[in-house]
Amino acid sequence: MTIEHAPLPYPLDGLAPHISERTMSFHYGRHHAGYVASVNNTIAGTAFENASLEDIVAAADVPSALFNCSAQAWNHAFYWDSMSPGSVEAPTGELLAALERSFGSLDAFNTEFAAAAVGNFASGWTWLVSGADGLQIVNTDDADTPLRHGQRALLTIDVWEHAYYLDYQNARPAYVDAFIEHLINWEFASANFAAGS
């Protein structure tokens with residue numbers, strides 16, 4: 001099966017002014033597309049040829065080019081879905097209750113998530129995940145992903161510089177604040193949480 005470079009769930013300019021169309025054209029149109037193309041080139045004629053992207057990420061050797069490209073393809077697709085144009089609606093229901101149990105309040109979660117994302121020294125990702133110990137904020141380096149660690153990802157922010165440098169230069173805190181204040185897709189996170197309940 002060919003791994004798909006799925007269409008964005010909004011137009012390229014849908015996240016503006018917080019993430020510009022220019023950034024999206026490079027990030028989605030080149031970086032993400034390049035990872036997908038690399039996966040398809042690498043799996044052609046191999047045992048992975050008919051595997052799903054999730055199965056490839058789970059089974060690929062680490063480290064390897066196949067893992068790096070497949071995990072980055074999956075991480076990016078998840079990142080696009082973690083954002084939504086327009087104002088952020090606060091989480092409700094079971095997810096809000098779980099956030100309050102794990103972090104004390106939504107504000108406390110926002111503070112901890114921002115600190116983790118800003119403090120993630122490596123190129124990588126900051127995630128809200130659900131696991132045996134409830135909700136957690138975890139950082140992963142490079143292409144690493146919760147799929148490899150028995151955790152259910154609920155949402156993520158990409159903290160590789162290419163995700164924000166054209167818009168924010170080296171001001172990662174401003175990018176993280178914009179993500180938290182204006183872009184989180186709590187409906188997506190809630191659906192992921194419900195799927196694991």
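## Pockets, helix α5 and Pro-146

The largest pocket has a volume of about 250 Å³, and of the 18 residues that line this pocket, Glu-4, Ala-6, Leu-53, Ala-73 and Ala-77 are the closest to its centre. The structure is a predicted model. Helices α1 (21-43), α2 (53-59) and α3 (65-81) each supply at least two residues of the lining of the largest pocket, with the largest share, five residues, coming from α3.

The second largest pocket holds about 190 Å³ of space. Among its 16 lining residues, Glu-89, Ile-184, Asn-185, Trp-186 and Glu-187 lie nearest the centre. Here α7 and α8 each supply at least two lining residues, and the largest share, three residues, comes from α8. The table sets out the lining of each pocket by class.

| Pocket | Nonpolar | Polar | Charged |
|---|---|---|---|
| Largest pocket | eleven residues | four residues | three residues |
| Second largest pocket | seven residues | seven residues | two residues |

Helix α5 can be described by its length and by its two sides. At 1.5 Å a residue, the 14 residues of α5 (residues 106-119) should span 20 Å, and the end C-alpha atoms are 20 Å apart, which agrees with that expectation. Within α5, the residues Leu-106, Phe-109, Asn-110, Phe-113, Ala-114, Ala-116 and Ala-117 are buried. Because these buried residues cover an arc of only 165° around the axis, they are placed on the same side of α5. An α-helix has 3.6 residues a turn, so residues three or four places apart point the same way. On the other side of α5, by contrast, Asp-107, Thr-111 and Gly-119 are exposed. The partners of the buried residues of α5 include both helices and strands: these residues pack against α4 (93-103), α7 (172-183) and α8 (186-195), and also against β1 (124-131), β2 (134-141) and β3 (152-158).

A further position to consider is Pro-146, which lies in the loop between β2 and β3. Pro-146 counts as buried because its relative accessibility is 1%, where the cut-off for buried is under 20%. When its neighbours within four places in sequence are left aside, Pro-146 is in contact with Trp-127, Val-129, Gln-151 and Ala-153. Pro-146 and Ser-190 are 44 residues apart in sequence, and their C-alpha atoms are 17 Å apart in space.

Conventions: Residues numbered from 1 in each chain as written. Predicted model: local features only at pLDDT ≥ 70, side-chain atom pairs only at ≥ 80, totals over all residues. Heavy atoms only, no water. Helix = DSSP H or I, 4+ residues; strand = E, 2+ residues; numbered from the N terminus. Expected span 1.5 Å × (residues − 1). Buried < 20%, exposed > 50% of the residue type's maximum accessible area, 1.4 Å probe, protein only. Arc of directions from axis to C-beta. Contact = heavy atoms within 4.5 Å. 1 Å grid on protein atoms, 1.4 Å probe; cavity = no way out; pocket = protein on both sides within 12 Å on 5 of 7 lines; lining within 4 Å. Points joined across faces, edges and corners; volume = space filled by probe spheres on them. Nonpolar A, V, L, I, M, F, W, Y, C, P; charged D, E, K, R; others polar.
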